[in-house]
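Colleague: I should like to learn how to read the features of a structural model. May we go through them one at a time?

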Amino acid sequence: MIEPFLLASIAAAFVLAGFVKGVVGLGLPTIAMGLMSLALLPAQAAAILIVPSLVTNIWQLWAGPDFRGLVRRLWPMLASVCVGVWLGSGWLAGEQAGAARVALGIALVVYAGLALANIRLPSPGRHEALAAPIVGILTGLVTAATGIFTIPAVPYLQSLGLDKEDMIQALGLSFLVATVALGFSLAGGNVYDLDLLLGSYLAVLPALGGMALGTKLRHRMPAATFRRWFLIGLLALGAYLAARGLV
């Protein structure tokens, strides 16, 4: 049985992660994994992440304007994410928990650093058909090793020049596919137990509550300022996780 203090900490992590996702369209797996990995093994944190990530990404995807168009354009990347997760199956749930924590910390630092420096990938242009599967496989491998779905999928999606609502829907679609692939990978590695399943289902309401609040505030606050401080916090969290794993 999950201890009450740990359960409350998980709920708080998902309220914050859902709030950030509601404001900027991403960040739930990144923040939730980072915070939960302070107290849990990365594989355990990833197992708890699955259900709230599924539910919030379906919500985000459903609210977008062009689901079919995005699926037609992004399917090579999405299919390759599944291949990458399959290739990396067992990394997160294996005996290298310390290495997974270091990898998670490094992934957070890289993502936050690139975003703070406003470094974007060049548009793939006519090479999109070649770039998409490469990005997908790399994203799947990072997901299998760390439980987060942002690198390099998010920088790649930003390079496509999508408008705001299409971008938010594309993020939801990409994260949904990565979540499903990761869920099957963890199930195949026998990570789940009753406590983790319970924790995953109980995390749905805090995540939805945070996301609803963030969505309401999306147009009422300076998103650029919020995003900057969010990334600074993510950078610090990633550096701490990496240093802790190395020590």
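The dialogue below takes up confidence, a salt bridge, a surface patch and cavities in turn.

Modeller: This is a predicted model, in which local features need pLDDT of at least 70, side-chain atom pairs count only at pLDDT 80 or more, and totals for chains, interfaces and linings use all residues. Residues are numbered from 1 along each chain as its sequence is written, and side-chain values use heavy atoms, with hydrogens and water left out.

Colleague: What is the mean pLDDT of the protein chain?

Modeller: pLDDT is the predictor's confidence in each residue, from 0 to 100. Where it is low, the predicted coordinates should not be read in detail. Here the chain has a mean of 85, and 94% of its residues reach 70 or more. Among its elements, α4 has the highest mean pLDDT (93), and helix α11 (residues 223-246) the lowest (78). Such helices are DSSP runs (H or I, at least four residues), numbered from the N terminus.

Colleague: How many salt bridges does the structure hold?

Modeller: A salt bridge is a side-chain nitrogen of Lys or Arg within 4 Å of a carboxyl oxygen of Asp or Glu. The structure holds one: the side chains of Arg73 and Glu128 meet at 3.0 Å, N to O. Arg73 belongs to helix α4 and Glu128 to helix α6 (residues 128-146), so the pair ties together parts that are 55 residues apart in sequence.

Colleague: Is Glu128 buried or exposed?

Modeller: Buried means under 20% relative accessible area, exposed over 50%, and partly exposed in between (1.4 Å probe, protein chains only). Glu128 is buried, at 17%, whereas Arg73 is partly exposed, at 35%.

Colleague: Which residues make the nonpolar surface patch?

Modeller: Patch residues have over 30% relative accessible area and no salt bridge; nonpolar side chains (Val, Leu, Ile, Met, Phe, Trp, Tyr) are joined within 5 Å, like charges within 9 Å. Areas come from the Shrake-Rupley method with a 1.4 Å probe, and for residues only the protein chains shown count as cover. In this case Val83, Trp86, Leu87 and Ile137 make a patch of about 400 Å². Helix α4 (residues 67-87) gives the largest share, three residues. Val83, which lies in helix α4, is partly exposed at 38%.

Colleague: How many cavities of 30 Å³ or more are found?

Modeller: On a 1 Å grid over the protein atoms alone, a cavity is a set of points where a 1.4 Å probe fits but cannot get out; lining residues have an atom within 4 Å of a point. Grid points are joined across faces, edges and corners, and a volume is the space filled by probe spheres set on the points. The search finds three cavities of that size, and the largest holds about 90 Å³. Its lining includes Tyr111, Asn118, Gln158 and Arg227. The elements giving two or more residues to that lining are α5 (97-116) and α7 (153-159).

Methods
On a 1 Å grid over the protein atoms alone, a cavity is a set of points where a 1.4 Å probe fits but cannot get out, and a pocket is an open set with protein on both sides within 12 Å along at least five of seven lines; lining residues have an atom within 4 Å of a point.
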